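Colleague: I'd like to learn how to read a model like this one properly. Could you walk me through it, one feature at a time?

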Amino acid sequence: MGLQRLEIYECLELKMLPVGLRFITTLYKQKIEGMPKAFKDRVEEGGEDFYKVYHVPFIIFRDCDY
């Protein structure tokens, strides 16, 4: 199998998702927690990084509102 779940938690220096995520087709669930709203906006549909994770069925954001 491959990477199925990925959690990004309070990685405040991370400004964008790695390009390589778009090639991980086994990724089923991605949880992003404690990140700035600007990061969330990049990852959500319509954001600059959405093309990297559009294939992930479940993307969960938590406490990304600051």
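What follows is a conversation about the sheet, the cysteines, the surface and the salt bridges.

Modeller: Before we start, keep in mind that this is a predicted model. Where shall we begin?

Colleague: With the sheet. In what order do the strands run, and what is the sense of their pairing?

Modeller: The general idea is that strands of a sheet pair through backbone hydrogen bonds, either parallel or antiparallel. Here you have an open sheet of three strands in the order β1-β2-β3, with parallel pairing. The edge strands are β1 and β3, each of which pairs on one side only. From one strand to the next, the twist averages 10°.

Colleague: How many bridges hold β1 and β2 together?

Modeller: Five: β1 covers residues 5-9, β2 covers residues 29-33, and they pair in the parallel sense. To find the register, look for L6, which sits opposite Q30 in β2. On the other pairing, β2 and β3 (residues 58-62) also run parallel, over five bridges. There, K31 is opposite I60 in β3.

Colleague: Now the cysteines. How many disulfides does a search of the whole structure find?

Modeller: First the idea: a disulfide is a covalent bond between the sulfur atoms of two cysteines. A search of the whole structure turns up zero of them.

Colleague: Why is C11 not bonded to C64?

Modeller: Because the C11 sulfur is 11 Å from the closest cysteine sulfur, the one in C64, and that is too far for a bond. The cut-off to hold it against is 2.5 Å between sulfur atoms.

Colleague: And their surroundings: is C64 buried or exposed?

Modeller: C64 is buried, at a relative accessible area of 2%. C11, by contrast, is partly exposed, at 35%.

Colleague: Let's go to the surface. Which residues make up the nonpolar patch?

Modeller: Look for nonpolar side chains that are accessible and lie together. In this case they are V19, F23, Y51 and Y54, with about 470 Å² of accessible area together. Take F23 as an example: you'll find F23 in the loop between β1 and β2. F23 counts as exposed because its relative accessible area is 58%, and the cut-off for that label is over 50%.

Colleague: Last topic, charges. How many salt bridges does the structure hold?

Modeller: Seven. To read one, check the distance between the nitrogen and the oxygen, then ask where the two partners sit. R62 and E33 form a salt bridge with their closest N and O atoms 3.7 Å apart. R62 belongs to strand β3 and E33 to strand β2, so this pair ties together parts that are 29 residues apart in sequence. R62 is partly exposed at 45% relative accessible area, whereas E33 counts as buried at 13%.

Colleague: Which residues are linked in a network of salt bridges?

Modeller: R42, E48, D49 and K52. Follow D49 through it: the side chains of D49 and R42 meet at 3.0 Å, N to O, and those of D49 and K52 meet at 3.2 Å.

Colleague: Is D49 in that network buried or exposed?

Modeller: D49 counts as buried, at 1% relative accessibility. K52 is buried as well, at 1%, and R42 is buried with a relative accessible area of 18%. For R42, the cut-off to remember is under 20%.

Methods: Residues are numbered from 1 along each chain as its sequence is written. This is a predicted model: local features need pLDDT of at least 70, side-chain atom pairs count only at pLDDT 80 or more; totals for chains, interfaces and linings use all residues. Side-chain values use heavy atoms; hydrogens and water are left out. Two strands pair if DSSP finds at least two bridges between them. Helices (H or I, at least four residues) and strands (E, at least two) are DSSP runs, numbered from the N terminus. Buried means under 20% relative accessible area, exposed over 50%, partly exposed in between (1.4 Å probe, protein chains only). Axes are lines fitted to C-alpha atoms, for helices over the stretch in contact, and angles run from 0 to 180 degrees between N-to-C directions. Patches are made of residues with over 30% relative accessible area and no salt bridge: like charges are joined within 9 Å, nonpolar side chains (Val, Leu, Ile, Met, Phe, Trp, Tyr) within 5 Å. Accessible areas come from the Shrake-Rupley method with a 1.4 Å probe; for residues, only the protein chains shown count as cover. A salt bridge is a side-chain nitrogen of Lys or Arg within 4 Å of a carboxyl oxygen of Asp or Glu.
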